Amino acid sequence: MSELTKLMKERRSIRKFKPDEVPRELIDAVIEAGEYAASGHGKQASRIIAVTNKEMRDRIADENRRIGGWQEGFDPFYGAPVILLVIADKEVPTAVYDGSLTIGNMLLKAHELGLGSIWIHRAKEEMESSFGAELLKAVGLDGEFIGVGHVALGWTDGENPPVIPRKEGRVFYID
Ligand SMILES: Cc1cc2nc3c(=O)[nH]c(=O)nc-3n(C[C@H](O)[C@H](O)[C@H](O)COP(=O)(O)O)c2cc1C
């Protein structure tokens with residue numbers, strides 16, 4: 001089995017993170033993998049907002065928790081110290097697809113680097129709120145962006161979950 005195939009099969013969503021800091025070069029390597037994702041018409045419509053600032057990280061987590069309808073105290077990012085928020089240019093018809101592939105690349109790269117990660121939803125609602133506008137302003141982004149998703153990133157607390165066998169009957173051939 002090739003190294004890439006092994007990574008794809010063994011990557012799992014992590015739902016318990018250590019609070020320990022992730023070195024910047026590892027975060028940047030994950031981000032770079034996201035930047036190299038294929039994109040519709042090569043427009044590279046996705047943007048990545050990397051949040052390591054604890055106060056902002058907690059604010060995003062709280063917004064996400066409220067949108068998800070969970071009670072105070074629940075952290076939808078499972079304690080991950082890094083949030084990579086992926087948004088995409090609303091003007092581009094493939095915005096959500098581009099952003100999704102960006103996230104997929106980052107999840108795989110995180111696993112290759114020995115980091116834990118998970119896709120966390122509700123970025124769309126976040127970006128539609130006044131909080132989203134505040135986030136864009138904080139990084140100096142102009143224009144309209146759709147929230148695609150977040151990668152929660154950090155060091156896994158515990159073991160990597162086992163590989164889950166794939167469901168039968170999902171593939172069809174027309175020869
Ligand atoms: C579009 C998308 C949204 C997701 N949103 C969340 C989420 O908000 N919270 C969460 O705990 N997991 C979320 N996940 C992770 C999935 O639950 C997980 O990928 C799935 O159970 C399969 O497990 P695996 O990633 O370990 O293979 C999301 C995954 C995808 C692809």
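Accessible areas here come from the Shrake-Rupley method with a 1.4 Å probe, and for residues only the protein chains shown count as cover. On that basis the chain exposes about 10,700 Å², of which carbon and sulfur atoms supply 51%.

Before I go on, this is a predicted model, in which local features need pLDDT of at least 70 and side-chain atom pairs count only at pLDDT 80 or more, while totals for chains, interfaces and linings use all residues. Residues are numbered from 1 along each chain as its sequence is written, and side-chain values use heavy atoms, with hydrogens and water left out.

Now the fold: with helices (DSSP H or I, at least four residues) and strands (E, at least two) numbered from the N terminus, the chain has six helices and four strands, which run α-α-β-α-β-α-β-α-α-β from the N terminus on. Buried residues, meaning those under 20% relative accessible area with a 1.4 Å probe and protein chains only, make up 41% of the 175 residues. If a contact means heavy atoms within 4.5 Å, then among contacts between residues at least 6 apart in sequence, 82% join residues at least 24 apart.

Let me finish with one residue, H150, which is found in strand β4, residues 145–154, and is buried, with a relative accessible area of 0%. Its side chain and that of E126 are joined by a polar contact of 2.7 Å, the term being a pair of N or O atoms within 3.5 Å, where within protein one must be able to donate a hydrogen and the other to accept it, and residues adjacent in sequence count only if both atoms are side-chain atoms. A polar atom of the H150 side chain also lies 3.5 Å from the backbone oxygen of H121.

Terms used: Buried < 20%, exposed > 50% of the residue type's maximum accessible area, 1.4 Å probe, protein only.
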